[in-house]
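Trainee: Could you walk me through this structure, one question at a time? I would like to learn how to read it.

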Amino acid sequence: MVANKLLTLAFVKTPTNILLGYKKRGFGMGRWNGFGGKVEVGETIDGAAKRELMEESGLVANTLHKIGILMFEFVGDPQLMEVHVFTTNEWKGTITESDEMRPEWFPIESIPYKKMWTDDQFWFPYMLNARPFYGYFTFEGMHKIVYHRLDSVNDLGLVEIPQQPRQPVI
Ligand SMILES: Nc1ncnc2c1[nH]c(=O)n2[C@H]1C[C@H](O)[C@@H](COP(=O)(O)OP(=O)(O)OP(=O)(O)O)O1
């Protein structure tokens with residue numbers, strides 16, 4: 001069994017707008033997303049979320065609220081991605097482009113879903129409405145979702161996080 005790959009994803013939002021970043025390189029290149037990345041050894045998940053937000057957007061979150069947990073399975077890959085999703089509406093600093101991300105504000109009614117990960121359109125409504133959620137998505141390739149489930153949850157601390165893919169890896 002392979003340990004899950006632990007990642008964070010943070011969104012800065014106001015009641016009407018959301019800050020997204022255009023991924024300029026690496027995994028998810030060419031897509032708009034929140035700010036995040038891998039949890040480093042010795043870091044807490046919350047600490048990694050704050051660090052990645054700062055590195056990729058220039059902003060420091062005063063508080064981050066955990067709003068969701070997403071699992072991603074890629075058919076044929078034995079390792080699951082476990083992504084912890086956060087939001088903040090209190091931050092300081094100046095929005096700064098990094099070599100990885102180009103940040104830009106979007107009105108909530110015109111989020112560019114067609115230029116984002118395919119799964120985002122499913123769970124963004126939960127995140128935008130501050131409804132805690134748990135989602136599991138199985139991808140075939142980088143675009144096609146072949147399985148998904150999405151649940152509203154009362155307590156993210158009680159979510160049972162799977163440690164291996166749903167489908168046997170051949
Ligand atoms: N399917 C999907 N939807 C929404 N968001 C994501 C996915 N898959 C993902 O990986 N993500 C998010 C999770 C993370 O926030 C990033 C990926 O992080 P990555 O760029 O690989 O991690 P870094 O630590 O920043 O990478 P390097 O600096 O090592 O290149 O996308």
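Mentor: Happily, and we begin with a definition: a residue is buried if 20 or more other C-beta atoms lie within 10 Å of its own, exposed if 12 or fewer, and partly exposed in between, with C-beta atoms placed from the backbone. Residues are numbered from 1 along each chain as its sequence is written. This is a predicted model, where local features need pLDDT of at least 70 and side-chain atom pairs count only at pLDDT 80 or more, while totals for chains, interfaces and linings use all residues.

Trainee: Let me try that definition: is Asp155 buried or exposed?

Mentor: Asp155 lies in the segment after E10; helices (H or I, at least four residues) and strands (E, at least two) are DSSP runs, numbered from the N terminus. Between the C-alpha atoms of Asp155 and Ile67 there are 9.8 Å, with their positions 88 residues apart in sequence. Because Asp155 has 7 other C-beta atoms within 10 Å, the answer is exposed.

Trainee: In what order do the elements of the chain run?

Mentor: The chain has two helices and ten strands. Reading from the N terminus on, the order is β-β-β-α-β-β-β-β-β-α-β-β.

Trainee: What radius of gyration does the chain have?

Mentor: The C-alpha atoms fill a box of roughly 45 × 30 × 30 Å along the principal axes. The radius of gyration is taken over C-alpha atoms, and the globule rule is 2.2 Å times the number of residues to the power 0.38. For 170 residues a compact globule would be near 15 Å, so there is agreement with the chain's own value, 15 Å.

Trainee: Which residues does UniProt list for "domain: Nudix hydrolase"?

Mentor: The record is an unreviewed entry; UniProt positions are in the numbering used here, feature names are shortened, and annotations may be inferred rather than shown by experiment. Over that stretch the chain is 17% helix and 37% strand, and the end C-alpha atoms are 32 Å apart. The range listed in UniProt is residues 1–131.

Trainee: Which element gives the largest share of the shell around the ligand?

Mentor: Of the 16 residues around the ligand, Phe27, Gly36, Gly37, Lys38 and Trp117 come nearest; a residue is near a molecule or strand if its C-beta atom, placed from the backbone, lies within 6 Å of it. Two or more residues come from each of strand E1 (5–13) and strand E6 (81–88). The largest share, three residues, is from E1.

Trainee: Which element gives the most residues to the largest nonpolar core?

Mentor: A nonpolar core is a set of buried Ala, Val, Leu, Ile, Met, Phe, Trp, Tyr and Cys residues joined through C-beta atoms within 7 Å. Of the 33 residues in the largest one, Ala10, Phe72 and Val85 touch the most other members. Elements giving two or more residues include strand E5 (65–74), E6 and helix H2 (120–128). With five residues, the element that gives the most is E1.

Trainee: Which residues does Val85 touch, not counting those up to four places away in sequence?

Mentor: Two residues are in contact if their C-beta atoms, placed from the backbone, lie within 7 Å. In soluble globular proteins, nonpolar side chains tend to be buried together. For Val85, the residues touched are Leu9, Ile67, Gly68, Ile69, Leu70 and Met127.

Trainee: Is Trp123 buried or exposed?

Mentor: Trp123 sits in helix H2. Leaving aside neighbours within four places in sequence, Trp123 is in contact with Gly68, Leu70, Phe133, Gly135 and Leu150. Since 20 other C-beta atoms lie within 10 Å, Trp123 is buried.

Trainee: How does Tyr113 count?

Mentor: Tyr113 belongs to the loop between strand E8 (101–107) and H2. Beyond four places in sequence, the contacts of Tyr113 are Asp120 and Gln121. Because Tyr113 has 13 C-beta neighbours inside 10 Å, the class is partly exposed.

Trainee: What is the phi of Ala130 near?

Mentor: Ala130 is in the loop between H2 and E9, and is exposed because 11 other C-beta atoms lie within 10 Å. Most residues other than glycine have a negative phi. Ala130 instead has a positive value, near 55°.
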